[in-house]
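Colleague: I would like a close look at a single part of this model. Please pick one strand and work outwards from there.

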Amino acid sequence: MFNQTNTWTHALVLIVSIASTAMGAHAQETPEVQSQRVSNSAFYVQGQSALGSAENQNYISNAGFVITQTSVVVIDALGSPVLADKLVQQIRKLTPLPISHVILTHYHADHIYGLQSLKAQGVKVLAHRAALNYLNSETAEQRLAASRHDFAPWINKDTRLVGADEWLDGDREMQIGGVKFIIKAVGPAHTPEDLVVYIPSEKVLFAGDLVFRNRIPFVGQANSQLWMKAIQTLLSFDTVAIVPGHGPVSEKAKEDMQQTYNYLAYLRKAMGEAALNLDPFEEAYRTTDWSSFDQIPLFQFANRMNAYNTYLLMEQELKK
Ligand SMILES: [Zn+2]
């Protein structure tokens, strides 16, 4: 039994290392962080459409920033301190103004591991209070421990989880250097603590991970029903550009939000029927027609887990 377990463990390690070598070969060398203009004063940097790895320094999510008359407001902190340093360098190419605030859309690792670099700039960090549950959890510590291994040397023993300086309980409006920021609490959706940031003067919306573009969304433990409701809220904003949490900026905001919405709706429909009929997950997954989504990047990686989590969620909902 012992040997058998060992053999399996070895086989697993081998598969994982082959898989990561294969992905490593595709990943770019040390990623270049390059800011792009979204509107007059809003910019963003776009993470790779890939899994986090040591090769890409965990550069898989976006971050945004807005240059006001007096300071710079950053939205999200990227997936490692070195990336956040690169973000600061990009900002410095455009303005010498201090970075005054960082608003976090949520506390997933790829959006917050860079936070300590920004803290060193003397910023004030704002996030939704609901993130405290995760931040104080063992899961967060375990995740960081795993990341120190997976993303070494970019995530290492000096990398730490950083809390907010101000925990928001709901929506907030701020006027900074002549620019109005509307922070809207839209969770629980992708996470309990989801915030989106809207700049009405430029009709730009930083949507965090409520909107995924060019890749299959990561559903995780999210409540997809509430997530769909939150997307409806976002559709009510008057936007010319949406900066998603992952993928390129969108000028077809409604269409893109609709895509995330449709995917969640489809998962719920397919897995909901299976749960209702008491079909085993494996069978339901195999017989579901995925052809509308299987061309989207990371489908192979994420769809099965998304479907499984949705199947469990639908079972729970049926019991209510
Ligand atoms: Zn996320």
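Modeller: The answer below takes one strand, then its partners, then the sheet.

This is a predicted model, so to speak of local features a pLDDT of at least 70 is needed, and side-chain atom pairs count only at pLDDT 80 or more, while totals for chains, interfaces and linings use all residues. Residues are numbered from 1 along each chain as its sequence is written.

The strand is β3, residues 63–67. Strands here are DSSP runs of E of at least two residues, and helices are runs of H or I of at least four, both numbered from the N terminus. In β3, 4 of the 5 residues are buried, so the strand is largely enclosed by the rest of the structure. A residue is called buried if 20 or more other C-beta atoms, placed from the backbone, lie within 10 Å of its own, exposed if 12 or fewer do, and partly exposed in between.

β3 has a partner in strand β2 (residues 42–45), and the two pair in the antiparallel sense over 4 bridges. Two strands pair if DSSP finds at least two bridges between them. In this pairing, Val-45 stands opposite Ala-63 of β3.

Another partner of β3 is strand β4 (residues 72–75), also antiparallel, over 4 bridges. Here Ile-67 is opposite Val-72 of β4. β3 and β4 form a hairpin, with 4 residues between the two strands.

Now the whole sheet. Read across, its order is β1-β2-β3-β4-β5-β6-β7: an open sheet of 7 strands with mixed pairing. The edges are β1 (35–37) and β7 (166–168); each has a single partner strand, so one side of each is left without a neighbour in the sheet. From one strand to the next, the twist averages 25°. Angles run from 0 to 180 degrees between N-to-C directions, with axes fitted to C-alpha atoms, for helices over the stretch in contact.

At the β1 edge, β1 pairs with β2 in the antiparallel sense over 3 bridges. Arg-37 is placed opposite Phe-43 of β2 in that pairing.

A helix belongs in this picture too. Helix α2 (residues 81–94) packs on the sheet and touches β1, β2, β3, β4 and β5 (99–103). Contact between two residues means that their C-beta atoms, placed from the backbone, lie within 7 Å. The direction of α2 makes about 25° with that of β3.

To return to the starting strand: β3 pairs with β2, pairs with β4, and is touched by α2.
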